[in-house]
Amino acid sequence: MIRTNNLAFKYDRNGAGFNFPDISLGPKENLLILGKSGIGKTTLLHLLAGLLSPIDGSIEIDGIPTQTLSNRGLDRFRGQNIGLVFQKSHAIRSLSVTENLQARLFFAKKAISRTVIPDLLEHLDLTDCKNQKIATLSEGQLQRLGIAMSVVHQPKIILADEPTSSLDDENCNSVMELLIHQAKANNANLIVITHDHRIKPLFTNTLML
Ligand SMILES: Nc1ncnc2c1ncn2[C@@H]1O[C@H](COP(=O)(O)OP(=O)(O)OP(=O)(O)O)[C@@H](O)[C@H]1O
């Protein structure tokens, strides 16, 4: 569950301000946020992830007002409850696929069943490359690993920043299907920001910035 109220942000004192429309998502609800380049989509996503702090308004995730947390508390909260999907892989190149997922779990400091990693690898068709180093993966395998890394710690919210903008139609569909499936399997809210209108039909909730 996620709720924002009168969220406002400025990068610097004298710069232009952002005032974002309120978001209210119940359990397992997904949201697609659309808007032209530069309108503030990534800024909103970073506010929701606690990577930026609002100058006004509030964000509540599963009943917790995140602005009341200390910096350390917010880091811990993010590590445990938020899954971030980026356009480019953030995997550690010197580690294997499995080791990257183990590292993500280690940093989340959450007690999660040992079977989660093999199950996830199976679902995302990564079992065959589980011991490979990141540099040896194909683009498609890297994208699927990015999704695996965003859900392995069973977050409450998955935030995806332009996950499909550089993909052809076929890969665009399969990445979105995997994300939606993984969000559902984890009982998580999925919020995707994009200017890629191809994925609009996959969402019932959309917000135009
Ligand atoms: N760190 C920063 N410092 C100052 N201004 C920034 C910073 N990051 C982004 N901006 C500005 O804030 C505005 C919104 O940027 P943001 O990245 O949120 O837009 P966006 O809608 O995600 O754009 P795009 O679709 O092109 O990725 C832009 O004008 C951008 O130049």
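A search of the whole structure, a predicted model, finds zero disulfides. Two of its cysteines can be placed by accessibility: Cys129 is buried, with a relative accessible area of 3%, and Cys172 is buried as well, with a relative accessible area of 1%. The points below cover the cysteines, the ligand surroundings, two pockets and some backbone details.

**Cysteines**

- Cys129 counts as buried because its relative accessible area, 3%, falls under the 20% limit.
- Cys172, at 1%, is under that 20% limit too, so Cys172 is also classed as buried.

**Ligand surroundings**

- The residues around the ligand include Tyr11, Phe18, Glu162 and His195.
- Residues 36 to 43 also take part in surrounding the ligand, as Lys36, Ser37, Gly38, Ile39, Gly40, Lys41, Thr42 and Thr43.
- From Ser37, an N or O atom of the side chain is 2.6 Å from an oxygen atom of the ligand.
- Gly40 takes part through its backbone, where a polar atom is 3.0 Å from an oxygen atom of the ligand.
- Thr42 likewise uses a backbone N or O atom, which lies 2.9 Å from a ligand oxygen atom.

**Largest pocket**

- The volume of the largest pocket is about 760 Å³.
- Its lining has 33 residues, and those closest to the pocket centre are Phe86, Lys88, Ser89, His90 and Gly146.
- Five elements each supply at least two lining residues: the helices α2 (71–81), α3 (97–108), α5 (139–151) and α6 (169–185), together with the strand β7 (82–85).
- The most is given by α5, with eight residues of the lining.
- By residue type, the lining of the largest pocket divides into 16 nonpolar, eleven polar and six charged residues.

**Second largest pocket**

- About 150 Å³ of space lies in the second largest pocket.
- Its lining consists of Val116, Asp119, Leu120, His123, Val151, Val152, Gln154, His181, Gln182, Ala185 and Asn186.
- Both α4 (116–123) and α6 supply at least two residues each to this lining.
- Of the elements, α4 gives the most to the second largest pocket, with four residues.
- The lining of this pocket splits into five nonpolar residues, five polar residues and one charged residue.
- The helix α6 supplies at least two residues to the lining of the largest pocket and at least two to that of the second largest.

**Backbone details**

- Most residues other than glycine have a negative phi.
- Asn6 is not a glycine, yet has a positive phi of about 50°.
- Asn6 sits in strand β1 (residues 2–10) and counts as exposed, at 51% relative accessibility.
- Asn187, another residue other than glycine, has a positive phi near 55°.
- The place of Asn187 is the loop between α6 and β9 (189–194), and Asn187 is exposed, with a relative accessible area of 51%.
- Because the exposed class starts over 50%, the 51% of Asn6 puts this residue in it.
- The 51% of Asn187 is likewise over 50%, so Asn187 is in the exposed class.

**Leu25 and Gly35**

- Strand β3 (residues 24–25) contains Leu25.
- Leu25 counts as buried, at 3% relative accessibility.
- Leu25 and Gly35 are ten residues apart along the chain, and their C-alpha atoms are separated by 19 Å.

Methods:
Residues are numbered from 1 along each chain as its sequence is written. This is a predicted model: local features need pLDDT of at least 70, side-chain atom pairs count only at pLDDT 80 or more; totals for chains, interfaces and linings use all residues. Side-chain values use heavy atoms; hydrogens and water are left out. On a 1 Å grid over the protein atoms alone, a cavity is a set of points where a 1.4 Å probe fits but cannot get out, and a pocket is an open set with protein on both sides within 12 Å along at least five of seven lines; lining residues have an atom within 4 Å of a point. Grid points are joined across faces, edges and corners, and a volume is the space filled by probe spheres set on the points. Ala, Val, Leu, Ile, Met, Phe, Trp, Tyr, Cys and Pro count as nonpolar, Asp, Glu, Lys and Arg as charged, and the others, Gly among them, as polar. A disulfide is a pair of cysteine sulfur atoms within 2.5 Å. Buried means under 20% relative accessible area, exposed over 50%, partly exposed in between (1.4 Å probe, protein chains only). A residue is near a molecule or strand if one of its heavy atoms lies within 4 Å of it. A polar contact is a pair of N or O atoms within 3.5 Å; within protein, one must be able to donate a hydrogen and the other to accept it, and residues adjacent in sequence count only if both atoms are side-chain atoms.
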